[in-house]
Amino acid sequence: MQKILIRGTNWVGDSILTTPAIHALRQLYPQAKLSLLTKSYLYDLWKNNPDINEILVHPDTLTISTVYTLLSQLRQKKFEGAILFPNSFSAALTVFLSRIPIRIGYATEYRSFLLTKRVPLTDIILHTHQVQYYLNLIRQLGEITSPLELVLKLGKEEQVYADSLFTEVHSPAGGVIIGINAGATYGSAKRWLPARYAELGKRLIIDYSATLVLFGSQQEVEYVSQIANTIDIPKSVVNLAGKNNLAQLSACIAKCNLFITNDTGPMHIAAALKVPTVAIFGSTDPVTTGPFGEFPYRIVRKPVNCAPCLLRECPTDHRCMTAITVDDVLVAVKELLVNR
């Protein structure tokens with residue numbers, strides 16, 4: 001195949017976790033044109049990816065007009081094959097209607113008849129890390145020999161942006177810059193308690209002379225601001241919630257000496273950039289969605305009988321998160337900042 005369409009995932013973290021699979025596809029087809037179909041809000045994650053030749057933007061809203069335009073665009077490009085990372089029926093229907101002859105994806109959501117290579121979704125695959133989950137689709141095309149590493153390349157523009165911004169972030173002598181991502185787009189079940197993030201922040205400032213950089217999406221501005229206000233040490237806290245696009249966010253995370261986060265997309269950005277990370281897990285499973293790669297990280301998690309539940313909102317008492325104390329997280333921080 002010389003022209004291959006990759007239907008990307010719809011989440012930040014999942015997008016990062018597909019990068020080893022895309023790199024493996026590039027190794028199998030070094031001369032092929034690889035086109036990625038992704039949502040507009042994920043564009044900044046992919047614009048510097050060396051394995052992608054072309055980025056196509058999937059419409060955010062599906063109407064008769066936008067679907068017709070998308071299908072016309074895909075048909076004109078005459079793709080020979082398509083890799084479907086999402087498991088949705090609509091993703092399979094799109095490539096089927098685009099007349100792409102080879103269509104590879106997991107046999108889910110009653111969509112098998114739309115695929116030419118139907119990959120079984122076995123219990124083994126479901127309980128392996130998502131990097132392997134996506135790689136399994138590429139293995140249908142050949143043996144994978146490339147290193148399994150996350151790929152996220154920073155562009156010059158966003159690096160200049162972060163350099164300029166962080167010249168104003170003056171950590172005290174001997175101090176560290178610690179990024180904190182207290183939110184979670186998927187739902188509140190994945191969030192550690194904001195009061196504990198605030199208490200943790202105060203301890204980090206006292207114990208490590210830390211400057212804290214708080215991250216969050218546009219929808220999390222108020223949530224993150226409450227944490228910053230509770231910490232109430234303005235000279236040691238920089239609140240960037242809602243102020244960065246994904247490229248700028250990535251460049252800012254790369255500037256941190258340590259990153260503390262829930263199980264979120266920015267956690268995987270930090271992993272791709274090999275920033276030492278403390279990841280707090282509750283409702284999700286670190287075996288399948290934990291940080292991936294050879295870099296310093298610690299997972300903080302307390303086993304409870306109802307986790308991992310994978311729910312967006314906790315229907316009971318959120319015990320998976322309330323069981324995690326500030327001291328639990330500080331132990332992990334100390335292990336990663338052992339020389340500080």
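**Notebook: cis bond, sheet, cores and rings**

I started in the loop between β12 and α14 (319–322), where P308 is found. The model is predicted, and I kept that in mind for every entry below. I looked up the peptide bond from A307 to P308 and found it cis, with omega near 0°.

**Backbone, positive phi**

I then went through residues other than glycine with positive phi. R99 has phi near 65°. I placed R99 in the loop between α5 (89–97) and β5 (102–106). Is R99 buried or exposed? At 64% relative accessibility R99 counts as exposed, since the cut-off for that class is over 50%.

S209 is another entry of this kind: its phi is positive, about 50°, and it is not a glycine. I found S209 in the loop between α9 and β8. Its relative accessible area is 30%, so I wrote S209 down as partly exposed.

**The six-stranded sheet**

I traced an open sheet of six strands with parallel pairing, in the order β9-β8-β7-β10-β11-β12. Why do β9 (237–239) and β12 (297–300) each have one side without a neighbour in the sheet? Both stand at the edges and each has a single partner strand, so the other side is left free of a neighbour in the sheet. Averaged over neighbouring strands of this sheet, with direction ignored, the turn of one against the next is 15°.

At the β9 edge I checked the pairing with β8 (residues 211–215): the two run parallel and three bridges join them. L214 has N239 of β9 as its bridge partner. I also noted that helix α9 (residues 194–208) packs on the sheet, where it touches β7 (177–181), β8, β9, β10 (258–262) and β11 (277–280). The direction of α9 makes about 170° with that of β10.

**Nonpolar cores**

The largest nonpolar core has 55 residues. Which of its residues touch the most other members? I recorded L45, F215 and I269. Helix α7 (residues 130–138) gives the most to this core, six residues.

I listed the contacts of F215, leaving aside neighbours within four places in sequence. They are G179, I180, N181, A182, V224, L240, A241, L249, C252, I253, C256 and F259. Apart from the largest core lies another, of 38 residues, which has L200, V237, M321 and V333 among its members.

**T288**

T288 is found in helix α13 (residues 286–289). Its relative accessible area is 13%, so T288 is buried, the limit being under 20%. With neighbours within four places in sequence left aside, I found T288 in contact with L126, H127, T128, H129 and Q130.

**F85 and the aromatic cluster**

I located F85 in the loop between β4 (81–84) and α5. F85 has a relative accessible area of 3% and is therefore buried. Outside its neighbours within four places in sequence, F85 is in contact with I6, R7, G8, T9, T18, A21, I22, Y134 and L137. I also took the C-alpha separation of F85 and L34, which is 14 Å for residues 51 apart along the chain.

I counted eight aromatic pairs in the structure. How are the rings of Y106 and Y133 arranged? Their centres are 4.6 Å apart and their planes at 25°, so I entered the pair as stacked. Y106 lies in strand β5 and Y133 in helix α7, so the pair ties together parts that are 27 residues apart in sequence. Y106 is buried at a relative accessible area of 0%, and Y133 counts as buried at 8% relative accessibility.

Y133 has a ring pair with Y134 as well: the centres are 5.2 Å apart and the planes at 80°, so this pair is edge-to-face. Y133 and Y134 are both buried. Ring pairs link F85, Y106, Y133 and Y134 into a cluster.

**Arginines over rings**

My last look-up was for charged ends over aromatic rings. R191 lies over the face of Y223, at 4.6 Å from the ring centre. The charged end of R312 sits over the ring of Y186, and the distance to the ring centre is 4.3 Å.

Notes
Residues are numbered from 1 along each chain as its sequence is written. This is a predicted model: local features need pLDDT of at least 70, side-chain atom pairs count only at pLDDT 80 or more; totals for chains, interfaces and linings use all residues. Side-chain values use heavy atoms; hydrogens and water are left out. Two strands pair if DSSP finds at least two bridges between them. Helices (H or I, at least four residues) and strands (E, at least two) are DSSP runs, numbered from the N terminus. Axes are lines fitted to C-alpha atoms, for helices over the stretch in contact, and angles run from 0 to 180 degrees between N-to-C directions. Contact means heavy atoms within 4.5 Å. Buried means under 20% relative accessible area, exposed over 50%, partly exposed in between (1.4 Å probe, protein chains only). A nonpolar core is a set of buried Ala, Val, Leu, Ile, Met, Phe, Trp, Tyr and Cys residues joined through side-chain atoms within 4.5 Å. Rings of Phe, Tyr and Trp (its six-membered ring) pair if their centres lie within 6.5 Å; planes under 30 degrees apart count as stacked, over 60 as edge-to-face and the rest as tilted. A charge sits over a ring if NZ of Lys or CZ of Arg is within 6 Å of the ring centre and within 35 degrees of the ring normal.
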